[in-house]
Amino acid sequence: MPETTLTDGAMNVANETVNQMQNFFHVNEIVNYVKEPEHVIKFATGVIAILIFWLVYRLIRMVIKKGASKKFEKSTVKTMTKCVSYVFYVLIVMYVLGLFGINLGAIWGAMGIAGVAIGFAAQTTVSNLISGVFIVTEKTMKIGDFIEVDGVSGTVDKVGLLSIKIHTPNNQLIRIPSSAIINTKLMNYSSYKYRRYVFEVSVDYSTDLDKAIEVLKGVPARCSLVVNDKEDYAPKVLLTDCLDSGIGMNLIVWCERPNFFDMKTEVCKNVVKAFNENNINIPYNRVDVSMLTDKTIPSLSFKA
């Protein structure tokens, strides 16, 4: 008798557990739903539609990765694929909710109200996000470019929608908001192959200017980093102004972008060397100092 009681009790517990699981997972509702032919057709149609959505999503991702990778940076392509993924997830969720008869109008209304509230609360973020879209589409910079924004310069490490990250020549990380780049001047020193530099020098008023011009014109030929074989980037020498201590001259040269700083050192060194070899003086300010003794200092007397 006790054994029968224990068995019945165990069976009751098992049945109660099964019932609770069925209620929790709504098994009976699902079975009744599947028994209806209309529901089965609707369910099969929904599964097929989701599969089609998924195939279209995969196709769009593949097209973006192959096509956009030729025109945009890897970070930009990654951002675009993420946006496509988010749109896909939202569409799938809304479609599934529609299959179960949920009123999507109320959801869209709630999302609209939430969007307005979030927009007011995060105006700066939204502004940066919109600015980031313009930066990505304009392609004004890419990873590895040396840029200057509002007096801050450095090499681009990451281009995002909300901000870009650069590291300065001192190896400091700086985060620049996208809106700051749109609202101010951006200087990209890496956009073109060649860079120009103007060397400002001066000579004495007693100098033979024709000779000084010829000597200065010969300097670029002595510099291996200066571009001398391209007409559009040919070196030039100009007389600029009559200064207080001499006559101003400019030597305009071009070089390939990676050689810019080394070129400045090379040209400056050869300018000084060429002027010294041809006895051309570069004027500079001088200060005369005289020592005063007790005899030279006038005495002052005051009368009361």
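1. In this predicted model, the buried residues of helix α8 pack against four elements: β6 (194–203), β7 (236–242), β8 (247–256) and α9 (260–277). The residues concerned are Ala 212, Ile 213, Val 215 and Leu 216, within a helix that spans residues 209–217. Viewed down the axis of α8, these buried residues fall within an arc of 165°, so they line one face of the helix.

2. The face of α8 turned away from the buried side carries Asp 210 and Glu 214, both of which are exposed. Asp 210 also takes part in a contact at the start of the helix: its backbone nitrogen has a side-chain oxygen of Asp 208 within 3.2 Å.

3. Three of the elements against which α8 packs, namely β6, β7 and β8, make up an open sheet of three strands in the order β6-β8-β7, with antiparallel pairing. The edges are taken by β6 and β7, each with a single partner strand, so one side of each is left without a neighbour in the sheet. From one strand to the next, the twist averages 25°.

4. The pairing of β6 with β8 is antiparallel and comprises ten bridges. Within this pairing, Tyr 194 has Glu 256 of β8 as its bridge partner. Helix α9 packs on the sheet, where it touches β6 and β8, and its direction makes about 25° with that of β6. Helix α9 is thus to be considered together with α8, whose buried residues also pack against α9.

5. Tyr 194 deserves a separate entry. The structure holds seven aromatic pairs. In one of them, the rings of Tyr 194 and Tyr 233 have centres 4.5 Å apart and planes at 40°, so the pair is tilted. Tyr 194 belongs to strand β6 and Tyr 233 to the loop between α8 and β7, so the pair ties together parts that are 39 residues apart in sequence.

6. The two tyrosines fall into separate accessibility classes. Tyr 194 has 14% relative accessibility and counts as buried, because the class takes in values under 20%. Tyr 233, at 25% relative accessibility, counts as partly exposed.

7. An aromatic cluster is formed by Tyr 197, Phe 199, Phe 260 and Phe 261. By residue range, Tyr 197 and Phe 199 fall in β6 (194–203), and Phe 260 and Phe 261 in α9 (260–277). The cluster may therefore be read alongside the packing of α9 on the sheet, in which α9 touches β6.

8. A further open sheet has five strands in the order β4-β3-β2-β1-β5, again with antiparallel pairing. Its edge strands are β4 (173–177) and β5 (186–188), each of which pairs on one side only. The twist in this sheet averages 40° from one strand to the next.

9. Within the five-stranded sheet, strand β2 (residues 152–159) and strand β3 (residues 163–167) run antiparallel and are joined by four bridges. Val 156 stands opposite Ile 166 of β3.

10. For the chain overall, the model contains nine helices and eight strands. Of its 304 residues, 25% count as buried. Among contacts in the chain with a separation of 6 or more, 61% are accounted for by residues 24 or more positions apart.

How values were computed
Residues are numbered from 1 along each chain as its sequence is written. This is a predicted model: local features need pLDDT of at least 70, side-chain atom pairs count only at pLDDT 80 or more; totals for chains, interfaces and linings use all residues. Side-chain values use heavy atoms; hydrogens and water are left out. Buried means under 20% relative accessible area, exposed over 50%, partly exposed in between (1.4 Å probe, protein chains only). Helices (H or I, at least four residues) and strands (E, at least two) are DSSP runs, numbered from the N terminus. The arc is that of the directions from the helix axis to the C-beta atoms. Contact means heavy atoms within 4.5 Å. A polar contact is a pair of N or O atoms within 3.5 Å; within protein, one must be able to donate a hydrogen and the other to accept it, and residues adjacent in sequence count only if both atoms are side-chain atoms. Two strands pair if DSSP finds at least two bridges between them. Axes are lines fitted to C-alpha atoms, for helices over the stretch in contact, and angles run from 0 to 180 degrees between N-to-C directions. Rings of Phe, Tyr and Trp (its six-membered ring) pair if their centres lie within 6.5 Å; planes under 30 degrees apart count as stacked, over 60 as edge-to-face and the rest as tilted.
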